Amino acid sequence: MAPTKGSAKGASSGGGSSSKPLSSGSRVSKSSKNNVKRPPPKEVKNKARTERENLSKKKKRVYSEAELNLPELNTITPVGVVKPKGKKKGKTFVDDKEGMMTILAMVNAEKEGQIESKMMKARQLEEIREARKKEMEARQAEKKSKLEAAKDSIRNKKKGKGVDKSEPATNGSAKSKPKRKSVAFA
Amino acid sequence: MRPLSETEMKTMFEKLANYTGASLNQLIAPTSEDGTEGERMVFRLQGSRVYYAPLALVNYATSIPRDQLLCIGTQIGKFSKTGRFFLNITSLSVIEKHARFKAWLKPNGVQPFLYGGSVVRAHIGRWSEDCPGSQGIVIYDMNDTPLGFGVTTRSTAEARKLEPTAMVIARQADCGEWLREEDTLFTT
């Protein structure tokens, strides 16, 4: 361990000594360049970091894919393969009151609608049935009245003829009776 | 034991809403008699069975191993393997408080019903007006004791015209199940 440390130190010291002459050399070259006439250096004031211009970062232009003219890849991904990132795996449990309430409200509204529609349907059917029943009754009554009218008319006819024809009618029936064929045992 | 997922919750509520009215939200957010918010009640799934219990009790139950936990709170019903939900007779106490349609049985109809029979028209003492056909209905005896629940086969108006022996309510669950199904009532 110790010797390596020592060697490292030595190397570093050696390096430092070798760099000095190099730097002096560069100075020499600079001095030679100084002979060329140049305009005096202007003082360029660096603007402070807190300056407004420096503070506002320049936005880099963001290229859209269409602008880049990239060759298109086969971007079709099967439906089952891609899964949304950051989403919980498996079941999502409902344990909070609000979640349960929303589900319940949805279910309740649905059921309410169903029952309402069922009742409406039943009522409509009932109305139709009632109407049909009434119609049937009306028809029956009409038939009955017709029958009654017919009966009455027959009765009236009979009554009209009745006074003078009642006797002949009875006579006729009496006369017709003997005409009937009869079988008798001797 | 775990909370119900969204779909499970929906299927369960759909079943419950067959029998109950809008007051069903009292199940989730019960209010005590003085109007303040009551104890928080939750649904939990243990095996295939759904239980309805106060949250505090559920929290206590976490100390019991899952396979040794037989029942907690009130059992509402069970999920079949295909994902359908069946209400159990144990849920009667929950349903009957919020029942939408009710039917009251005459004393001579109580026994046939408790032995698992359906309800015939002659056995009905009275029932809610305007009840449509194939609608969940809670069945009581004439002293307002809940006996079970079923599904109407005809609407009230139609049922009036039926002959006395015609079936008007198909039985879904009755209190006789406490004895008849004793062995399987709580098995998962």
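This passage describes the sheet of chain B, the helix lying across it and the contact with chain A. The model is predicted; local features require pLDDT of at least 70 and side-chain atom pairs count only at pLDDT 80 or more, whereas totals for chains, interfaces and linings use all residues. Residues are numbered from 1 along each chain as its sequence is written, with chains lettered from A and ligands numbered from 1 in the order in which they are written.

In chain B, 4 strands (DSSP runs of E, at least two residues, numbered from the N terminus) form an open antiparallel sheet in the order 1-2-3-4, strands being paired if DSSP finds at least two bridges between them. Strand 1 (41-46) and strand 4 (85-87) of chain B each have a single partner strand and stand at the edges, so one side of each lacks a neighbour in the sheet. The twist from one strand to the next averages 30°, with axes fitted to C-alpha atoms, for helices over the stretch in contact, and angles between N-to-C directions running from 0 to 180 degrees. Strand 1 of chain B is joined to the antiparallel strand 2 (residues 49-54) of chain B by 6 bridges. Arg44(B) has Tyr51(B), in strand 2 of chain B, as its bridge partner.

Helix 1 (residues 6-19) of chain B (helices being DSSP runs of H or I, at least four residues) lies across strands 1, 2, 3 (74-79) and 4 of chain B, at about 40° to strand 4.

Contact, defined by C-beta atoms placed from the backbone and lying within 7 Å, links 21 residues of chain B with 18 residues of chain A. Helix 1 and helix 2 (25-28) of chain B are the elements giving two or more residues to this side of chain B. Helix 1 of chain B contributes the largest share, 6 residues.

Conventions:
Contact = placed C-beta atoms within 7 Å.
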